[in-house]
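Subject: The structure for you to look at

Hi there,

Here is the structure I promised to send over. Have a look at it first, and then read on for my notes.

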Amino acid sequence: MDPGVDKIVSSIISEAQENANKIISEAEKKAESIIKDGERRAAIEKEKILENARKQARMQYHQLISEAKMKARRAELEAREEVITEAFKRAEEELQKITSSKDERYIQSLKNIIKEAATEIGGGELVVHVKEDDKEKIRDLDSIAEDVKSATGKDTILELGEAIQTIGGAIVKTKDGRIEVNNTIEARLSRFEKFLRSEVAKILFD
């Protein structure tokens, strides 16, 4: 080969090699930059994912704690309600025993209950309904009628009506049945239940 041509070829090859090296170097730098940028982005995304995971974990933790507290509170209220209900049940059983006996306290209470109901109606001709066993306990209705007359200023006549199914107490009605006051023990317990439950709760849990 001609020395001149050989020199030209050698120069071209050398220049091409140099260009190739530059391109490779730049490519490597670019690749390294891309990799670093990718790693940086990946680290940011990783931190975001971790932070989101931490947030979710905190939210779930607080939610679980809140649910656990609510369940515990509900269980406590249910347990209290059971205790109060049981207390009422036992009180009712005790009242049934007392009203089934000839306890003077109950007899006096029964008379007061009838007087209270008759006075609430305003006196007049009234019919008194009690359970069968209580009829013999209130044979002297005239004295109760006199007390009602004193309280209302109206002549009052009380007569026994048909027996009713009840633990105790009485239902008093006008002769025509248009006005009625239910003063049975069940009705009185029902009327005062909210207050009584509150009082029972204070006694049992305060």
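The side chain of His129 has a polar atom that sits 2.8 Å from the backbone oxygen of Glu162. This is a predicted model, so please read every distance here as a computed one. His129 belongs to strand 1. Its relative accessibility is 13%, and His129 counts as buried because the cut-off for that is under 20%. Setting aside residues up to four places away in sequence, His129 touches Gly161, Glu162, Ile164, Gly169, Ala170, Ile171 and Lys173. Glu162, the partner in the polar pair, is thus also on the list of residues that His129 touches.

Thr99 is another residue to click on. Thr99 is part of helix 1, and with a relative accessible area of 1% Thr99 is buried. Which side chain does the side chain of Thr99 meet in a polar contact? That of Lys131, at 3.4 Å. Beyond its neighbours within four places in sequence, Thr99 is in contact with Tyr106, Lys131, Asp134, Lys137, Ile167, Gly168 and Ile185.

Now for two glutamates. Glu120 lies in helix 2 and, at 56% relative accessibility, counts as exposed. From Glu120 to Glu186 there are 66 residues in sequence and 18 Å in space, C-alpha to C-alpha. Glu136 is in the loop that runs between strand 1 (125–129) and helix 3 (141–152). Is Glu136 buried, partly exposed or exposed? At 47% relative accessibility, Glu136 is partly exposed. Glu136 and Ala87 are separated by 49 residues in sequence, and their C-alpha atoms are 31 Å apart.

You may want to look at the largest pocket as well. It holds about 200 Å³ of space. Ten residues line this pocket, and those closest to its centre are Leu95, Ser109, Ile113, Ile185 and Arg188. Helix 1 (3–99), helix 2 (104–121) and helix 4 (185–191) are the elements that each give two or more residues to the lining. By type, the lining is made up of seven nonpolar residues, two polar ones and one charged one. Ile185, one of the residues closest to the pocket centre, is also among the contacts of Thr99.

Finally, the chain as a whole. How many helices and strands does the chain have? There are five helices and four strands, and along the sequence they follow the pattern α-α-β-α-β-β-β-α-α. The radius of gyration of the chain is 48 Å, whereas a compact globule of 206 residues would come out near 17 Å. Along the principal axes, the C-alpha atoms fill a box of roughly 155 × 35 × 25 Å. Of the 206 residues, 22% count as buried; His129 and Thr99 are both buried. Among contacts in the chain with a separation of 6 or more, 73% are between residues 24 or more positions apart.

If you open the model with just a few minutes to spare, I would begin with His129 and the backbone oxygen of Glu162, then go on to Thr99 and Lys131, and end at the largest pocket with its ten lining residues.

Best wishes

Key:
Residues numbered from 1 in each chain as written. Predicted model: local features only at pLDDT ≥ 70, side-chain atom pairs only at ≥ 80, totals over all residues. Heavy atoms only, no water. 1 Å grid on protein atoms, 1.4 Å probe; cavity = no way out; pocket = protein on both sides within 12 Å on 5 of 7 lines; lining within 4 Å. Points joined across faces, edges and corners; volume = space filled by probe spheres on them. Nonpolar A, V, L, I, M, F, W, Y, C, P; charged D, E, K, R; others polar. Buried < 20%, exposed > 50% of the residue type's maximum accessible area, 1.4 Å probe, protein only. Polar contact = N/O pair within 3.5 Å; in protein donor to acceptor, adjacent residues only side chain to side chain. Contact = heavy atoms within 4.5 Å. Rg over C-alpha atoms; globule rule 2.2 N^0.38 Å.
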